[in-house]
Amino acid sequence: MIFKIAFRNSIKAWRRTLAVVGAVAVSVFLLEIGAGYMDGFRQKIYTEAVRENGHLRLVAKGYADKLDLLPLTPNMQISDSLLEFLGSFPEVEAVRPAIRFGLLANSASDVSLEMLGLGISPSVSRRMYQRLANAVVEGDFLNGPDQVVIGTEAARLLKVSVGERLILLSSDVNSGFSAVEPQIAGIFRSLNAEEDAQFLLCDLGTAQRLLNLPNRVTEITIELAHREQTENYLEKLRPHLPAYIEPRTWRQDQASLIYLLKLSDVAMAVLAAIVLVVAALGMINTFLMSVLERLPEFGTLRAIGMGRTQLVSIVVLQGFFSGVIGTVIGLIAGIPVVLYYQAHPINYGEAMESFKGVDSQIGMAFEPTTALWVLALGLVIAVGASLYPAIYASRKRPVEILRSLA
Amino acid sequence: MNFVLFRLAVRNVLKQKRRTFFNVLALGINTAMIILLLGILRGSYWLMIERTIDLRTGHIQVHAEGYEAEKRRLPLDIAIHDASRLARRIEELPEVKAASPRIRAAATLSNGRYRAPVLVMAVEPDAEAQVGVIQNSVVEGEWLDSLQSGIIVGKKAVDLLDARLGESLLLYGRTSQEANNLIDVPVRGVFSTGFSEMDRMVVFVPLQFGWEFFDMPGEATEIVIRLNRTLGASKVVSRVKDILAKSTDQKLHVASWQYFAKDVVEGAKADLIFYAILFVILVSLAVFGITNTMTVSVFERVPEIGALRALGMERQSVHRMLLLEGFVLGLGGIVAGSILGGLLAWWMNTKGISISTEALEQVAIPMGDKFLAASRFVDWIIGGGLAMISALIGVLWPARRAARVPVTAALARGVR
């Protein structure tokens, strides 16, 4: 009965219902887009940055403190049995022994360029750097021994192309000068300008020869099926790890990016709250008008025996109807926008150049859980905005209302 | 008549206390947010720009033609000849505070145990002291002296290398002719700017030392110019070009800080668009709320409006009275918003929000460790102006509708 009255009232006062529906729809539309943007950024960090750096990183004790120097010591010995053991757990997707090092690249044109090198097994390189493998514009990605891949800017500066040899100069683990001359297998175009100019990927054997680190690496990164399995995996692994190895989780390695993400989340939440409060104030007024206009009606209903709770329910149900319709409209309008920008990420170009760890292309991401949250929020706003006018109406005594009509 | 209308409008607005409260609250929150956000925008970006100019770019930079395209490899073979003389010529311009020739080169610093890749800045100590802020950031030891060799190292690099003041470090680099060079240099000072990348990567040596070490006598890879004021840097660029054209035959490239700090400028532009959209949304929602309540209010007051019209009030006056109601609502919003925004702005101007230094390491832009606002009176004018515009737009349609109410129908509705 109450449901029916509320529904009829919503239809009768269609202009007001429409206004509330409009406000809810606009708020939900904006919330969905804002949330889609944040989900996209979060996904970017969690999938790309975390996958590339590994969910778990094993380094020799003391290495992490000097990581900024890209030291060659302390390092770790690797063996097939160790790698097999690390990969023997069901949650492990890939085990990637690697060496990070600084180097001077020299081309046949006698141009030199300071670069950051990563030596890695070609078999896992494509999986690890899917982003760069897909961005190869010339040649192929790392696929064998004695190979390097570099960015387009590095290739331009060094005046080299695919197939040519590049001299890599560095100090080896004994501080002696050392050089190797691998072949350029491919050239990628990274959307991170610094990476495009300074990142060099080579096969692990080449790095070990250059740095005089046979069978040794500076880190082993482990990629899991899902990031939430990290702690569980570490629990199982820890008893078997030698004392000189320090495990570092992605939460420790990506702490600053995660902090930035949290900061953006808070900023977005504050802005969303402001938008919602302003929208809710408009809605409260609309409901209040509606209630004031129908006070005689409510007075009569109360006089013939309707309870306060029932009266509140009628007004709140009206809010609920408007909320449902507005939320659905807002989501119908917002989700395609999110899906479009998920498929067509925005390139922020130079605006993102100073952010390390992510490139400049950031898309939105559609996550059903987020859409459900937005839906719930839309309903809460509409219902919440109707609550005050409903309580106001229910507190009026029927005698007072009917007397004022006389 | 206008005063009577204004009194009527004020009375109508005050009569509907609840309605007015919610409208004024919505307008007030909007005004406060706009005041606060404008202050934060100015504060954070102005600070970022100032620090970028101080630590990275200066106001204007001069390079040899072709350097920009190759800058990522820090080329020493594309240099400005007779750089010190040109810097002194530039300093003759009244807008210029100082001009400092620099050699910017890649090198490696080592204490035998660890090696750190560094960016060497060979500078004229006196000119650099006026162009940058490094000399004020020296926390241990002292700033460079042209007559003494030595190196100024960032705090983070010192910590990473476990080095100490006075200790000799090995500096390895390559000359402009691509020959290797290695030399012992004592740590003369340690600086700390709070800009993590700089404190880890950059070292300073005297220009004289740079000329010998990199085999570039009299040359520099850049001349960095500090102006007396930041505004108008682009205009001084042409004057610098003129004076350089008269002083040398070499082709040089001159540009202002906006060119070299594109990441900061583009980032600021992207954020400005975001904030502009947010302001439009806030204004639209306020307009929606006011239009909605005023429409209902007009509908409710049809008999009253009919009576006023029957007593001789013209359509135009009814229209004006409703607009004045919007004006009164706008005024209320401005007062509420100015007080709320003032309190928030005061807090953000004085206390601010601290940012974790960990997060700053991820951003290669010199930012402060706090988000501080820099509010100006104009923020109140913009915030208040937008509140008034929202209120007036909000009553526009209901006012037009009220003015069109037919007198007889309106009076008939009033009969019970």
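## Exercises on a two-chain predicted model

Let us start with a cluster of charges: Arg57(A), Arg100(A), Glu219(A), Glu246(A), Arg248(A) and Asp253(A) are joined in a network of salt bridges, a salt bridge being a side-chain nitrogen of Lys or Arg within 4 Å of a carboxyl oxygen of Asp or Glu. The model is predicted, with pLDDT of at least 70 needed for local features and 80 or more for side-chain atom pairs, while totals for chains, interfaces and linings use all residues. Residues are numbered from 1 along each chain as written, chains are lettered from A and ligands numbered from 1 in the order written, and side-chain values use heavy atoms, without hydrogens and water.

### Exercise 1: salt bridges

Find how many salt bridges the structure holds over all chains, and work out where Asp68(A) and Arg200(B) lie.

*Solution.*
1. Over all chains there are 41 salt bridges.
2. In one of them, Asp68(A) pairs with Arg200(B), with 3.9 Å between the closest N and O atoms.
3. This pair joins two chains, because Asp68(A) sits in the loop between strand 1 (56-60) and strand 2 (76-77) of chain A, and Arg200(B) in helix 7 (residues 196-201) of chain B. Helices (H or I, at least four residues) and strands (E, at least two) are DSSP runs numbered from the N terminus.
4. Asp68(A) has 32% relative accessibility and so counts as partly exposed, whereas Arg200(B), at 18%, counts as buried. The cut-offs for relative accessible area are under 20% for buried, over 50% for exposed, and partly exposed in between (1.4 Å probe, protein chains only).

Now locate the partners Arg88(B) and Glu124(B) in chain B.

*Solution.*
1. Their closest N and O atoms are 3.0 Å apart in a salt bridge.
2. Arg88(B) belongs to helix 4 and Glu124(B) to the loop between strand 3 (115-123) and helix 5 (125-131) of chain B, so distant parts of the chain, 36 residues apart, are linked.
3. Arg88(B) is partly exposed at 33%; Glu124(B) is buried at 16%.

### Exercise 2: helix 9 of chain B

Check the length of helix 9 (residues 233-247) of chain B, then decide where its buried residues sit.

*Solution.*
1. The expected span is 1.5 Å times one less than the number of residues. For these 15 residues that gives 21 Å, which agrees with the 21 Å between the end C-alpha atoms.
2. The buried residues of helix 9 of chain B are Ala233(B), Val236(B), Val237(B), Val240(B), Ile243(B), Leu244(B) and Ser247(B).
3. They lie on the same side of helix 9 of chain B, because their arc around the axis is only 135°, taken from the directions from the helix axis to the C-beta atoms.
4. On the face turned away from that buried side are the exposed residues Lys235(B), Ala245(B) and Lys246(B).
5. The packing partners of the buried residues are strand 1 (60-64), helix 4 (83-90), strand 9 (222-227), strand 10 (252-256) and helix 10 (257-260) of chain B.

### Exercise 3: nonpolar cores

Which residues touch the most other members of the largest nonpolar core?

*Solution.*
1. A nonpolar core is a set of buried Ala, Val, Leu, Ile, Met, Phe, Trp, Tyr and Cys residues joined through side-chain atoms within 4.5 Å.
2. Among 87 residues, those touching the most others are Met283(A), Val62(B), Ile90(B), Ile223(B), Ile225(B), Val240(B) and Leu244(B).
3. Helix 11 (residues 255-293) of chain A gives this core its largest share, 14 residues.
4. A separate core of 44 residues includes Leu58(A), Leu86(A), Val95(A) and Leu204(A).

Definitions and conventions
Contact means heavy atoms within 4.5 Å.
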